[in-house]
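Reader: I should like to understand how the helices and strands of this protein are arranged. Would you please take me through the structure?

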Amino acid sequence: MSGGTKVVCVTGASGYIASWLVKLLLQRGYTVKATVRDPSDPKKSEHLLSLDGAKERLHLFRADLLEEGSFDTVVDGCQGVFHTASPVPFSVTDPQAELVEPAVKGTLNVLKSCVKFPTVKRVVLTSSMASVSVNGKPLTSDVVLDETWYSDPLVCEKNERWYALSKTLAEEAACKYAKENGIDLVTMNPGFVIGPLLQPTLNLSVEMIQNLITGTKTLPISNYQSIDVRDVVSAHILAFEVPSASGRYCLVSNVTHASEVLKIIQDLYPTLHLPEKCEIGSTSVPKYPVSAEKAKGLGINFLPLEVSLRDTIESLKEKGFLKI
């Protein structure tokens, strides 16, 4: 199945996942109505307007997550809505204003627009594994994370996991509103997303790979739940196209210790001088699997981690973020 004459909306289209989503939707023949904060800013729009099919089938709109009704024009006439827009700063001074409020209110504002137009058949929400695993339960090797796990807002708040809190509360609000208003909602929960960049700016999950190589910052993550951006986007499109898709989908292709990620990078680039000392979390923390069963049921075949890492690094080099 491909887009044909279908019209879909992508919110936050200039972002990492959303840019790839726009690219693949255009490739599949969809007409895409996409929102960006400032369509006149070339950093937000140029890479989208240069995509194959953009001239004929991509329409950019300005929209504000905090403004109710802001998404009415873009949602009008769409069969599907992909809501990816959400703030992702990991360092904030006012978590409520900078992360939680835009994530929750923005999601509800998009869904309120969807309710107004009966053409909308399904909404695909980009959530995160951050709304799955932060609940205080011990993550041991005999535990399997899957779609039945939910993060606990109180645990998120207690541990100052503000991004996790924002994604958890936004997902909770979306599910409640969708149920009350008869919206067919499918939720995607990706881990750390890596792979090549389309946008001209560096996003946080790819920046972690840059930091691993340069040693400029620590990476206090013991287990690195990763997935390629191209797999994430394929899963989003299948979640819209496959009639039986429903509920939540954990999107993690690998759970790898950061030290193993470094080893793979060293094997890919033998002449690369990686930092000798890098705080990358405890190697004694057991690895726990994340179930891919439901995601594979959509028809996803995950790219190997080596391919994702190589393509990430080549993209960082090409865009001038990494000199090796």
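**Strands, sheets and helices**

Author: An open sheet of seven strands, with parallel pairing, has the order S3-S2-S1-S4-S5-S6-S9. Helices (H or I, at least four residues) and strands (E, at least two) are DSSP runs, numbered from the N terminus, and two strands pair if DSSP finds at least two bridges between them. This is a predicted model, in which local features need pLDDT of at least 70, side-chain atom pairs count only at pLDDT 80 or more, and totals for chains, interfaces and linings use all residues. Residues are numbered from 1 along each chain as its sequence is written, and side-chain values use heavy atoms, with hydrogens and water left out.

Reader: Which strands stand at the edges of this sheet?

Author: An edge strand here has a single partner strand, so one side of it is left without a neighbour in the sheet. The edges are strand S3 (58–62) and strand S9 (247–251).

Reader: Which residue of S4 stands opposite Val 8?

Author: Strand S1 (residues 7–11) and strand S4 (residues 80–83) pair in the parallel sense over four bridges. Opposite Val 8 in S4 stands Gly 80.

Reader: At what angle does helix H9 run to S5?

Author: Axes are lines fitted to C-alpha atoms, for helices over the stretch in contact, and angles run from 0 to 180 degrees between N-to-C directions. Helix H9 (residues 229–241) lies across S1, S4, S5, S6 and S9. Its angle to S5 is about 155°.

Reader: Is H1 parallel or oblique to H9?

Author: Two packed helices are described by the angle between their axes and the distance between the axes. Helix H1 (residues 16–27) and H9 have axes 9 Å apart and pack at an angle of about 60°. Angles under 35 degrees count as roughly parallel, over 145 as roughly antiparallel, 65 to 115 as roughly perpendicular and the rest as oblique. The angle therefore makes H1 and H9 oblique.

Reader: How many nonpolar residues has the contact of H1 with H9?

Author: Contact means heavy atoms within 4.5 Å, and the residues making it include Trp 20 and Leu 24 of H1 and Val 233 and Ile 237 of H9. Ala, Val, Leu, Ile, Met, Phe, Trp, Tyr, Cys and Pro count as nonpolar, Asp, Glu, Lys and Arg as charged, and the others, Gly among them, as polar. Beside two polar residues and one charged residue, the number of nonpolar residues is ten.

Reader: Which strands are at the edges of the sheet of three strands?

Author: This open sheet has mixed pairing and the order S7-S8-S10. Each edge strand pairs on one side only, and the two are strand S7 (192–194) and strand S10 (254–257).

Reader: Which residue of S10 stands opposite Tyr 224?

Author: Strand S8 (residues 223–228) and S10 pair over four bridges in the antiparallel sense. Opposite Tyr 224 in S10 stands Thr 256.

Reader: Are H10 and H12 roughly parallel or roughly perpendicular to each other?

Author: The axes of helix H10 (residues 258–268) and helix H12 (residues 305–318) come within 10 Å and cross at roughly 70°. H10 and H12 are therefore roughly perpendicular.

Reader: What is the radius of gyration of the protein?

Author: The protein has twelve helices and ten strands. The radius of gyration is taken over C-alpha atoms, and the globule rule is 2.2 Å times the number of residues to the power 0.38. For 324 residues that rule gives 20 Å, and the value for the protein is close to this, so it is as compact as a globular protein of that length. Its radius of gyration is 19 Å.
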